[in-house]
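I opened a fresh notebook page for this one. My plan is to look things up piece by piece and jot down what I find.

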Amino acid sequence: LAATTRSVLRQCPRASAALRPVQPFAAAAPAARCFSRTSWEAGDDVDLDSVAYGFMASQALFTALEMGVFDKIAAAGEQGATAKAIGEACGCEGPRLTTLLTSLAAVKCLRRSSDGLYTLSPNTAQYMVSSSRHYYGDYLQYQIGRQFYHRMGALPDVMKTGKAPSYASWFSDPDVAKTYTQAQHNGSIATAKYLVKKKLQLGGIKDMLDV
């Protein structure tokens, strides 16, 4: 209970402030932080918490893709799947799985019914299930999750020293090069199909070379 209370207070600046001793002659308190932003364009100022904690949602998404969570829920059908069934299908059980599923529901990748059944959100079903014709989860999983995400951790050092790894050194590892190329290709397929179908007048041309 104490841990839960601390967590709630961290998310509620006004409630937390109310429990601290009042300091006389203190400057006016700043406005409460905003946790309800629905897009980067909303509001006139930066939502610092959304920026700072965004990596947690990213890792929850990447982990779900690595474990096949979305595919397993999709396979369960429209009724959804329990945490136990998902855990058995993915080979992950216990509180850690519940924490992941709760996180995915919090960022709206999943929906949880009152009887504990998890289903996919419309966007997750369309784009993050490997059997979907609009799937690009492998791009996020392999390129963003496995490669770019970890590289960005070195950004402070790069900015201070001006030294950054080159693509030549990065791709000298055949496995890294293969993963990058495959992910980049898969991530471009949906855009290419849209351009060919909706924007380009190609007549009878059926084959194209991407250079």
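Below are my entries, starting with the whole chain and ending with single residues.

**Entry: the chain as a whole**

First note to self: this is a predicted model. I counted up the elements and got 11 helices and two strands in the chain. Then I read them off in order along the sequence, and the pattern came out as α-α-α-α-α-α-β-β-α-α-α-α-α.

Next I looked up burial, and found that buried residues account for 20% of the 211 residues in the chain. I also checked how far apart in sequence the contacting residues are. Of the contacts between residues at least 6 apart in sequence, 50% join residues at least 24 apart.

**Entry: the nonpolar core**

I wanted to know which residues have the most contacts inside the largest nonpolar core. They are Val69, Phe70, Ile86, Leu104 and Leu110, in a core of 23 residues. I then looked up where the core residues come from. At least two apiece are supplied by helix H3 (48–67), helix H4 (69–75), helix H5 (83–90), helix H6 (95–106) and strand S2 (118–120). H3 gives the most, with five residues.

I picked Leu104 for a closer look. Setting aside residues up to four places away in sequence, Leu104 touches Ala60, Leu61, Ala64, Val69, Phe70, Cys109 and Leu110. Three of those names, Val69, Phe70 and Leu110, were already on my list of core residues with the most contacts.

**Entry: H3 against H6**

How do H3 and H6 cross? I found their axes coming within 10 Å, at an angle of roughly 120 degrees. That angle makes H3 oblique to H6. The crossing of H3 past H6 is left-handed.

I wrote down who makes the contact: from H3 it is Ala60, Leu61, Thr63, Ala64 and Met67, and from H6 it is Leu97, Leu100, Ser103 and Leu104. Sorted by class, I get seven nonpolar, two polar and no charged residues.

**Entry: H8 against H11**

I moved on to another helix pair. Helix H8 (residues 137–151) packs with helix H11 (residues 174–199) at about 140 degrees, and the axes are 8 Å apart. Parallel, antiparallel or oblique? H8 is oblique to H11 at that angle, because roughly antiparallel only starts over 145 degrees. I noted a left-handed crossing here too, with H8 passing H11.

On the H8 side the contact residues are Asp138, Tyr139, Tyr142, Gln143, Gln147 and Phe148. On the H11 side they are Val176, Thr179, Tyr180, Ala183, Gln184, Asn186 and Gly187. The class tally for this contact is six nonpolar, six polar and one charged.

**Entry: two residues on H3**

I went back to H3 for Phe62, which sits in that helix. Is Phe62 buried or exposed? Its relative accessibility is 8%, so Phe62 counts as buried. Leaving out neighbours within four places in sequence, Phe62 is in contact with Leu140, Ile144, Gly145 and Tyr149. I also took a C-alpha distance: Phe62 and Tyr142 are 8.8 Å apart in space, although 80 residues separate them in sequence.

Ser58 is in helix H3 as well. With a relative accessible area of 27%, Ser58 is partly exposed. Its C-alpha is 9.1 Å from that of Tyr149, and the two are 91 residues apart along the chain.

**Entry: Lys108**

What caught my eye was the phi of Lys108, near 75 degrees, a positive value in a residue other than glycine. Where is Lys108? I found it in the loop between H6 and strand S1 (110–112). Lys108 counts as exposed, since its relative accessibility is 67%.

**Entry: Ala125**

Last lookup of the day. Ala125 lies in helix H7 (residues 122–127). At 34% relative accessibility, Ala125 counts as partly exposed. Apart from neighbours within four places in sequence, Ala125 is in contact with Leu120 and Ser132. I also noted its C-alpha separation from Cys109, which is 8.9 Å with their positions 16 residues apart along the chain.

Key: Residues numbered from 1 in each chain as written. Predicted model: local features only at pLDDT ≥ 70, side-chain atom pairs only at ≥ 80, totals over all residues. Heavy atoms only, no water. Core = buried A, V, L, I, M, F, W, Y, C linked by side-chain atoms within 4.5 Å. Buried < 20%, exposed > 50% of the residue type's maximum accessible area, 1.4 Å probe, protein only. Helix = DSSP H or I, 4+ residues; strand = E, 2+ residues; numbered from the N terminus. Contact = heavy atoms within 4.5 Å. Axes fitted to C-alpha atoms, helices over the stretch in contact; angles between N-to-C directions. Parallel < 35°, antiparallel > 145°, perpendicular 65-115°, else oblique. Left-handed = near helix turned anticlockwise from the far one by under 90°. Nonpolar A, V, L, I, M, F, W, Y, C, P; charged D, E, K, R; others polar.
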